[in-house]
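Reader: I am in my first year and still learning to read protein models. Could you please take me slowly through one part of this one, and explain each term as you go?

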Amino acid sequence: MPQPGESRRRAAGRSAVRTVGRVLAVWVVASATLAVLAAVLPDFRIEAPGGDSPTQIALTAGAGAGAFGVLSALVWPLLVRALLLVPAFLLGGLVFFLNGSLLLIALRFTPDGRGEVTPVTAVVIAAVMSAASSATSTTLAMRDDAAYGRRLARLAGRRRRHADDPPLPTTPGTVFLQLDGVGHDVLCDALAGSPPAMPTVAHWLGSGSHRLAPWRTDWSSQTGASQLAILHGSNFDVPAFRWYEKETGHLMVCNRPSSAAELERRTVARTGSPGLLAEDGASRGNLFSGGAEQSALVMSVAVRAGTFSRPRSGYFAYFSDPANAVRTAWSFFAEVGREITESSAARLRGVTPRVKRGGLYPLVRAFATVVERDVAVAAVIGDMLAGRSAVYADLVAYDEVAHHSGPYSKDARKVLSRLDRSVRLIADAARYAPRPYRIVLLSDHGQSGGETFEGAYGVSLRELVRAGCGLPDHGVPRRARRKGGAEARDAARTALRRREAAQAECEGPPSEPIVLASGNLGLVSFPDIAGRATLEEIERRCPELTALLTGHPGIGFVLVRSAERGPLALGPAGGVHELATGRVHGPDPLAPFGDHAAAALLRTDAFPHTADLMINSAVDPAAGTVHSFEHQAGSHGGLGGPQSRPFVLAPVQLPLPDCPLAGAEAVHGLFREWLTGRAQAPGRDLLPQARDAAEGAPVPNGSR
């Protein structure tokens with residue numbers, strides 16, 4: 001195996017070759033652009049009056065493009081300093097004028113003065129050449145992490161400290177990267193292959209720099225409940241991803257800005273704490289702010305008075321750099337093509353379970369897996385370069401793809417590899433930061449695969465409930481249908497400053513039940529029954545409903561409150577689990593869901609906004625599959641299978657409990673201990689060097 005010094009020399013040699021190759025490629029493109037413009041523009045020529053051979057024209061174009069590039073590299077930095085004194089409204093025009101002036105000078109270096117152009121045409125030509133050169137350079141460097149690292153070094157250099165700056169922090173900062181929806185079992189599977197799908201994370205574990213531990217979600221195994229508790233310390237009264245509140249007639253949906261803001265407000269009032277990130281923290285791409293003053297792409301911030309544009313500020317900051325725009329645009333369209341190809345291949349192979357992936361979904365997927373990822377990663381790196389104490393970011397790419405392709409699909413595994421690359425970029429950027437950083441990976445939930453409820457049994461939950469109430473089914477209102485990529489769609493709507501979707505799920509007469517779905521968890525509310533409807537009230541109104549639900553093979557249990565016996569879990573074959581006393585009559589409906597299920601249901605029963613009926617799908621204990629009440633090949637939101645088993649992966653300097661943490665509130669407590677310094681403080685170098693990990697070179701112990 002090569003020594004670390006030899007590996008670095010080889011890497012430096014390869015980097016130099018790539019740099020020279022990019023320079024030559026940009027020169028060729030700029031020369032070709034100049035030659036094409038000379039052929040199509042009447043006021044511009046690069047050949048003698050009598051004409052030149054193609055070779056001579058190419059040489060002239062090459063000389064002109066080369067001179068323009070050299071002048072731009074040497075003169076432009078000096079001009080930028082001078083332009084800092086120019087008012088902003090004049091700067092745009094001066095940029096074009098000065099670029100044209102540089103081109104006029106560059107054409108003087110062509111052989112025998114063949115370059116002739118009018119000043120106005122020079123401005124146009126300079127703009128086109130600059131755009132072509134920038135696009136070529138950025139495209140070639142798009143997947144070159146060494147080039148990206150050098151760019152980070154330049155950014156870090158711009159943050160050079162001044163005499164009046166406060167002293168550098170000596171304590172380590174912490175970056176929490178939430179790999180949305182990546183369960184513990186999926187992560188272990190991705191690390192076990194040869195080669196592993198996530199080589200950086202595999203190297204961290206193999207080298208002993210990090211440790212991996214599972215934790216257990218609450219009954220509502222979804223981002224809204226988990227992230228609210230992790231960032232703000234409590235997820236009390238969050239029974240599902242979406243639920244109906246009778247007293248206001250309002251539909252709460254965790255990833256809608258108005259709902260996220262209200263949930264954060266309620267939780268802060270309940271806990272009396274602003275959140276995990278209140279002390280010099282940053283929140284990026286999350287549903288909630290965590291109390292951070294620095295936030296971007298955060299749903300709960302979107303509706304604050306006077307700050308509607310703040311969630312979109314991360315997009316503006318990122319895309320204001322043309323290099324970022326080209327890099328992400330290229331990847332965006334590649335992802336659209338990848339989704340179309342993969343969905344077509346899955347259809348031809350007859351892959352099951354399979355859900356519809358047409359319409360706008362390829363664009364929605366590309367937004368979630370490329371745009372949101374790139375913007376969040378850039379924001380995290382910027383926070384590290386600024387030396388912030390704590391950063392929490394959500395990378396949603398895997399969760400979005402796994403919903404439609406399945407948690408163990410090839411499509412989802414490829415996304416894990418690209419997420420690993422993002423983790424490596426962030427880890428590598430730590431060496432440019434003004435303080436040491438600890439990188440913690442975690443997930444908010446997992447996903448459980450399985451055929452949808454409607455696909456397996458030919459009837460939707462809404463149709464089944466209405467049949468049990470003796471109501472005709474008029475079909476689902478068009479606006480109430482859950483479209484593919486619903487979670488990413490809401491994020492895209494916020495980014496585009498679109499209004500929240502109407503509450504079509506709540507339309508209908510108040511005497512009819514409202515049926516909602518959160519993965520394999522269904523909720524039924526009777527709007528005209530004040531407060532929580534009891535089992536006795538429901539049976540008087542719909543005598544056949546509970547028997548129809550508990551007798552269906554696709555339903556595992558139903559939580560309902562009895563006026564006489566308290567909260568009950570009703571299941572098949574007349575099985576009843578009395579949650580208040582622990583007594584079980586007949587087959588225990590909670591047995592397939594593990595020993596923790598009863599405690600999870602009892603806690604949810606105490607929520608003020610728990611639905612009248614909470615319906616959990618059946619589970620195959622051996623395969624871990626469930627039936628989603630939504631159109632999802634991989635789902636989460638209830639109990640059953642690996643969806644309730646996420647993970648925490650942390651540096652060894654941060655202690656992990658011996659037993660799995662139970663509930664997201666416990667994860668918040670652990671993270672708060674780490675941030676307040678009650679955990680053992682590590683040394684300066686905390687991260688394995690990402691490039692050595694990728695090359696398989698050993699990493700010195702001191703870098704741990």
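Author: The chain has 22 helices and 23 strands, where helices (H or I, at least four residues) and strands (E, at least two) are DSSP runs numbered from the N terminus. This is a predicted model, in which local features need pLDDT of at least 70 and side-chain atom pairs count only at pLDDT 80 or more, while totals for chains, interfaces and linings use all residues. Residues are numbered from 1 along each chain as its sequence is written, and side-chain values use heavy atoms, with hydrogens and water left out.

Of the 704 residues of the chain, 53% count as buried; buried means under 20% relative accessible area, exposed over 50%, and partly exposed in between, with a 1.4 Å probe and protein chains only.

The part to look at closely is helix H6, which covers residues 184-192. Its buried residues are His184, Val186, Leu187, Ala190 and Leu191. Seen down the axis of H6, these buried residues fall within an arc of 165°, so they line one face of the helix; the arc is that of the directions from the helix axis to the C-beta atoms. It helps to remember that an α-helix has 3.6 residues a turn, so residues three or four places apart point the same way.

What do the buried residues of H6 pack against? They pack against two strands and three helices, namely strand E4 (210-216), strand E22 (647-651), helix H7 (199-207), helix H13 (397-405) and helix H14 (410-429), where contact means heavy atoms within 4.5 Å. For the chain as a whole, residues 24 or more positions apart account for 72% of the contacts with a separation of 6 or more.

Cys188 counts as partly exposed, at 30% relative accessibility, whereas Cys254 is buried, with a relative accessible area of 0%. A disulfide is a covalent bond between the sulfur atoms of two cysteines. A search of the whole structure finds zero disulfides, taking a disulfide as a pair of cysteine sulfur atoms within 2.5 Å.

To set the helix in its surroundings, the surface of the chain deserves a last look. The chain exposes about 30000 Å², and carbon and sulfur atoms supply 59% of it; accessible areas come from the Shrake-Rupley method with a 1.4 Å probe, and for residues only the protein chains shown count as cover.
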